Each structure stands twice: as structure tokens, then as C-alpha cells.
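Welcome, and keep your viewer open. We will go from one selection to the next, and at each stop you will read what is there.

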Amino acid sequence: AKAKELEHLLQTEHAEIFAKIRIEPSDANEALQNFCKQKGWQKRRAVVFLDPFGSQVSWKTLEVIAETNAIDLWYLFPAGMSVHRQIGRDGSVHYTHEASLDRLFGTGDWRQAFISHEEAEPDLFGVSQKLNVKTATPESVTKFMIQRMQTIFKGGVLDDWLPLGSAKHHMYSLVFACANPSPSANKLALKLARAVLRSRKPHGRTK
């Protein structure tokens, strides 16, 4: 229904560009992976914008995008909206959320990065237990994801991002990555992306 609504909007209000646009209702992970596996990336370029509601984007999709060596990626990463909320204050994570985060990050290392283990005070019998404590913040979650992405995007990933949300809550992080390994290409792409992020920030966070 939403796809049809979008198509109608384009036809009625942007008819001049409608012929150049293809709307493809599909599972985004599958569609993007199939798109990226097409041949001819030596002579083609693309920009992909990932705008998930939660943790729907799989790590495999990011890997396939990076393997094209040709795509620039803007990723609205759900650092606060999804990841931070799925970890309880006591470090507890529902097993379904664990699987979701494993798929999102492509690793289980987030457990060590976002949850610490502390010794509790001994009880009356002198027995102490280890307590799990949530250490994750939307900012630390974003930094972790950027570090993960830097292992697969040959053109680089900006270590700067744009925090987005409402009522001063950091819900999403707009992250930029470049798959093109060419020094001249990725230098220009990263420079332009950094300029875009700086122009949109209400206060400085740029490193």
C-alpha cells in the first residue's frame, strides 16, 4: 500500500522524473544483495541510502555493498532506536534480540563492548556473584558499528556522524561509508560527506 502511494505521488507531483524511477516492493536485504551482485561495477557507480526502522539491515547486506568497490553508502544506523533499547539496564538481552544484534553487527563481540561484568558485594555467607551492567550508549554503539564497517569498506568510513532524534534523544546515527578503494575517489567522497555532516550539525561533534 505504501509503495502504491509513493508511486501515485511521483506520477502526480513529479511526472518529469517518474520515468527514471523504479519502485520495487521487496525485502530490502534481498533486493540490495541481488542489486549489488550484478556485474559491471567497474564502470558503474551508485549511492545507497539505508533507512531502516530498527535492526532490519543485516551485516551480510553491508558486506555485499562493500564488495562492489563502487558504492557510496549513507546508513541511518539505529544506535539508540534499536540497539541501545534492546539491552536492559542490568545487561540482560532477550534471546531474540541477541540474534537480531548478531545479524546486525555480523559478530557477537557487541556483548563484550556493551556489557560489563562486575563483582557484587558478598552476601551474609561471604559469597559474591558477578553482575552484568549495561555500559552501552548510543554514541558508543555508533563508534562500535563504524569500527566494524571500517573492516570491510576499502574506501573508508567517516569516524564522524550525525546524531538524529527527537526531544534531544539520540535515536539514529547517520553514517557514511565509501566502497571505492581508489584514493582519488574516496578522498573526494569522504571530504564531501564530512562537509554535509558538518553543515547539518547544530553543535560541533566533528573530530
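**A first stop on a strand**

Select L131: with a relative accessibility of 44%, this leucine counts as partly exposed. L131 belongs to strand β4, residues 130-134. Now add S116 to the selection and draw a line between the two C-alpha atoms. L131 and S116 are 15 residues apart along the chain, and 8.2 Å separates their C-alpha atoms.

**Zooming out**

Before going on, please keep in mind that this is a predicted model. Show the whole chain as a cartoon and you can find 9 helices and 6 strands. The C-alpha trace spans about 75 × 45 × 35 Å along its principal axes. Colour by accessibility next: 40% of the 207 residues count as buried. If you like contact maps, take the contacts with a separation of 6 or more; 63% of them come from residues 24 or more positions apart.

**Helix α6 and its buried side**

Select residues 95-105, which make up helix α6. Which residues of α6 are buried? They are S100, L101, L104 and F105. Look down the axis: these residues cover an arc of only 115°, so they lie on the same side of α6. The spacing makes sense, because an α-helix has 3.6 residues a turn and residues three or four places apart point the same way.

Next, show what lies over that side. The cover includes helices α4 (59-67), α5 (79-83), α7 (110-114) and α8 (138-149), together with strand β2. Step just past the end of α6 and you reach G106, with a positive phi of about 70°.

**F105 and the largest core**

Stay with F105 and show its side chain. Together with M149, F105 has the most contacts inside the largest nonpolar core, a set of 40 residues. Leaving out residues up to four places away in sequence, F105 touches W59, F77, V83, W110, F114, V141, F144, M145 and R148. There is also a second, separate core of 14 residues, and W74, L162, A189 and L190 are among its members.

F105 also takes part in a ring cluster: select Y75, F77, F105, F114 and F144, which ring pairs link together. Then move to R148, whose charged end sits over the ring of W59, 4.3 Å from the ring centre.

**Helix α4**

W59 leads us to α4, where the buried residues are W59, T61, L62, V64, I65 and A66. To see what covers them, show α3 (28-36), β1 (46-50), β2, α6 and α8, which are all included in the cover. Just after α4 comes N69, which takes a positive phi of about 55°.

**Ring pairs to inspect**

Now turn on all Phe, Tyr and Trp rings; the count of aromatic pairs comes to 7. One of them joins F35 and W41 edge-to-face, with 5.4 Å centre to centre and 85° between the planes. Is F35 buried or partly exposed? At a relative accessible area of 26%, F35 is partly exposed, whereas W41, at 7%, counts as buried.

Another pair is W74 with F176, a tilted arrangement at 4.8 Å centre to centre with 55° between the planes. W74 lies in β2 (residues 71-77) and F176 in β6 (residues 169-178), so this pair ties together parts that are 102 residues apart in sequence. Both W74 and F176 are buried.

Before leaving W41, add R44 to the view: the charged end of R44 sits over the ring of W41, 4.5 Å from its centre.

**Strand β6 and its partners**

For the last stop, select β6. Of its 10 residues, 9 are buried, so β6 is largely enclosed by the rest of the structure. Which way do β2 and β6 pair? They are antiparallel, over 6 bridges. To check one bridge, pick L73, whose partner in β6 is A177.

Then add strand β5, residues 162-166, which runs antiparallel to β6 and is joined to it by 5 bridges. One bridge to pick here is G165 with H170 of β6. Finally, centre on the turn: β5 and β6 form a hairpin with 2 residues between them, and A167 in that turn has a positive phi of about 50°.

Notes. Residues numbered from 1 in each chain as written. Predicted model: local features only at pLDDT ≥ 70, side-chain atom pairs only at ≥ 80, totals over all residues. Heavy atoms only, no water. Phe/Tyr/Trp six-rings, centres within 6.5 Å; stacked < 30°, edge-to-face > 60°. Buried < 20%, exposed > 50% of the residue type's maximum accessible area, 1.4 Å probe, protein only. Helix = DSSP H or I, 4+ residues; strand = E, 2+ residues; numbered from the N terminus. Lys NZ or Arg CZ within 6 Å of the ring centre and 35° of its normal. Arc of directions from axis to C-beta. Contact = heavy atoms within 4.5 Å. Core = buried A, V, L, I, M, F, W, Y, C linked by side-chain atoms within 4.5 Å. Pairing = 2+ DSSP bridges.
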